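Here are my comments on the model, set out as numbered points. Please read them with the coordinates open.

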Amino acid sequence: MPLFVAGLSHRNAPVELREQLAVDEGKLRELLGDISGAGVVREAIILSTCNRVEVYAVADVPGEARAALFRQLCRHRGIETAPVEAILYTHANGEAVRHAFRVASSLDSMMIGEPQILGQVKDAFALAQSCETVGPALHTLFTQAFAVAKKVRTETEIARHAVSVSFAAVELAKKIFAGLDGKAVLLVGAGKMSELAARHLVEHGAFPIYVTNRTWARAQEMARALAGTAVPFDELATAMAAVDIVITSTGAAEPVITREMVQRIIHARRGRPLFFIDIAVPRNVEDSVDSLDDVYCYDIDDLKQVVDANIRERGREAHKAEALVDREVAKFLARLGDVEVIPTIVSLRERLEAIRSGEVKRTLARLPAATPETREAIEAMSTAIVNKILHAPITKLRESSRAGSSRSWLELVHELFGLGRK
Amino acid sequence: MHQTLLTVAIIGYVAATGLALAYLVQREELLHRLASLATLTAWVLHTVALLALSFDLGRPPLASMPEAVSVAVWVVVLLEMWIERRYGLSVLGAFVLPVALVFSLQSTPTRSLIGPTLSGAWLWVHIGLALVGIAALVLNFAGAVMYLLQERQLRTKRTGTFYYSLPALATLDRLTYRTLAVGFPFLTTGLILGVLWAGTAWGSVFTFDPLALSSYVAWAVYAATLAGRAAGSWHGRRAAYFAIVGFAVLMLTLGAGLFLPGKHGG
């Protein structure tokens with residue numbers, strides 16, 4: 001099967017080149033129209049994101065098709081072909097299948113496990129379908145790639161652990177409190193990052209939200225934005241006694257929350273854990289606070305460390321995912337061979353079925369006295385004859401395609417059974 | 001017959017323990033499934049072995065230390081499987097099965113647990129209740145160990161294997177609390193029946209018997225932990241440390257029953 005993928009991605013091309021080559025939807029349609037009209041390729045899908053520009057195609061002469069495709073692409077974008085040609089990667093057949101599976105599963109992404117890429121691949125597929133450049137081979141390949149991506153996502157933990165600081169804070173809170181339903185949050189100081197972390201906590205069930213700030217108006221504004229309650233800054237200690245999670249992000253040069261403050265409220269909490277997320281630099285929570293019992297305090301560096309560990313964890317899971325992809329590629333290749341011969345097999349079956357049912361109909365018309373049993377027997381016998389005749393050619397076609405020599409066999413079958421031009 | 005079955009069951013527990021530990025480190029779902037399967041299979045064999053033993057003996061298999069320990073293991077594994085499913089605690093086996101395994105290897109030559117003077121239904125109830133209590137406290141111990149490991153991960157901010165594989169602190173704290181709340185009444189009732197027996201059979205409640213004395217100490221530790229918890233001042237790390245101390249004393253108790261001469265020994 002002359003299937004190939006050619007392109008460039010964050011792995012081999014600088015961002016300047018990627019953005020020069022990236023194509024929007026309107027241009028993609030045009031391009032797909034051009035290349036299918038020119039008859040360079042039999043099937044084609046173009047995937048264009050900010051991290052990659054790739055063409056998946058089926059062509060009789062892959063090398064020629066590849067060159068033509070990228071010449072067109074560069075002309076559309078008004079850039080020189082030579083530098084692009086020089087860095088393109090090309091994968092053919094089995095390797096192309098693997099590449100498609102890895103890209104859709106987010107194993108080839110800059111951030112392994114990121115969820116957007118699958119949507120982008122699906123969009124590219126839908127677009128090519130609407131331009132009628134998707135044939136049986138790419139259709140099978142991409143539907144399978146979607147299935148593999150889903151499998152990778154559910155069977156490995158590739159996308160499970162947080163890779164942003166604000167999500168890492170949520171993940172830690174869950175490791176302390178189990179569920180976040182009804183856990184009260186106090187925001188000390190306003191800032192984009194603390195607001196984001198608070199929003200993530202709310203999404204996971206945290207409630208209610210209190211906001212405090214040295215500037216009362218700012219506290220009220222933030223409280224409104226988060227559907228929370230503003231608390232005067234001098235009541236910080238009281239508010240802290242009542243909540244489970246405290247996010248600090250004030251610009252203060254000295255710690256806003258001291259060990260003494262926390263120690264005073266800790267007894268009344270009767271063992272309920274208190275989780276400080278200190279996003280401020282310099283830090284708002286005194287260093288010694290986190291040696292207190294049932295108090296956990298993560299500053300921005302700690303959170304980054306968790307993120308780093310999570311990224312390593314994703315890398316570890318990626319090994320499992322790669323093994324899974326390998327197995328899926330092998331399974332798919334065994335089937336892919338069939339893809340090319342399936343249309344022929346289908347029309348062969350249809351042709352013989354048409355002959356059979358026509359003849360049966362004529363015979364039965366001459367036998368008005370035939371009982372239902374007789375009719376059934378005639379149907380069964382004719383079907384059996386057709387199946388027996390078809391068995392050998394179909395097996396041969398499948399074998400030949402697996403051996404990579406299907407083309408001459410396909411022509412032969414078309415000639416012999418008068419199936420019309422392939 | 002029961003001996004062979006028991007041996008096979010123990011081999012099953014060995015396999016289950018290995019798989020559960022491998023799962024803890026590798027976090028491969030397949031390992032977890034295999035561990036669960038091995039646990040269930042071994043437990044079913046164990047059940048059949050205990051039933052066969054009861055038929056052979058014509059009485060509950062509780063009259064010698066190895067018998068009693070075997071029944072305790074049976075209850076521990078049953079609880080482990082139930083709690084694992086109930087709470088979705090897939091790593092629980094890695095912490096409970098090793099303990100169960102150490103227990104079940106305690107097949108020292110049969111020594112009678114009860115003196116020749118004792119028999120009767122109340123005696124079986126005394127032993128049975130104490131064993132269920134001990135089984136629940138094995139899970140209490142496992143919960144405490146998991147709590148301390150996860151607590152340490154979160155406190156030192158080093159997110160290693162345990163951070164990923166162990167559940168949330170709140171979940172683990174609830175597990176230790178509940179297992180204590182269930183195990184303690186069983187242990188208490190078992191002990192009271194034992195004391196009553198001591199009063200009638202040995203003539204005195206306070207005779208020197210290592211197993212009895214040691215179990216009073218264990219009881220006191222658990223009673224203090226439970227009281228502290230109920231009062232709201234003991235929780236988390238402190239409760240976990242006490243769970244481990246209590247369990248250590250409990251192990252001494254069983255050790256006393258197995259190796260020291262006393263009224264529980266023949």
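1. Domains of chain A. This is a predicted model. The domain assignment divides chain A into domain 1 (3-160), domain 2 (165-301) and domain 3 (337-417). Between the C-alpha centres of domain 1 and domain 3 of chain A, the separation is 38 Å.

2. The sheet. Chain A has an open sheet of 6 strands. The strand order is S7-S6-S5-S8-S9-S10, and the pairing is parallel. Which strands sit at the edges? They are strand S7 (229-231) and strand S10 (295-299) of chain A, each paired on one side only. On average, neighbouring strands of this sheet are turned by 20 degrees against each other, with direction ignored.

3. One strand pair in detail. Strand S8 of chain A covers residues 245-248, and strand S9 of chain A covers residues 274-278. The two pair in the parallel sense, over 4 bridges. Take A:Ile245 as a checkpoint: its bridge partner in S9(A) is A:Phe275.

4. The contact between chains. On the chain B side, 14 residues are in contact with 17 residues of chain A. Four elements of chain B each give two or more residues to this side: helix H5 (121-156), helix H6 (161-165), helix H7 (169-202) and helix H9 (236-259). Which element gives the most? That is H7(B), with 3 residues.

5. Character of the chain B side. How do the residues of chain B that touch chain A divide by type? The split is 6 nonpolar, 5 polar and 3 charged.

Note on methods
Residues numbered from 1 in each chain as written. Chains lettered and ligands numbered in written order. Predicted model: local features only at pLDDT ≥ 70, side-chain atom pairs only at ≥ 80, totals over all residues. Contact = placed C-beta atoms within 7 Å. Nonpolar A, V, L, I, M, F, W, Y, C, P; charged D, E, K, R; others polar. Domains from an automatic or database assignment. Pairing = 2+ DSSP bridges. Axes fitted to C-alpha atoms, helices over the stretch in contact; angles between N-to-C directions.
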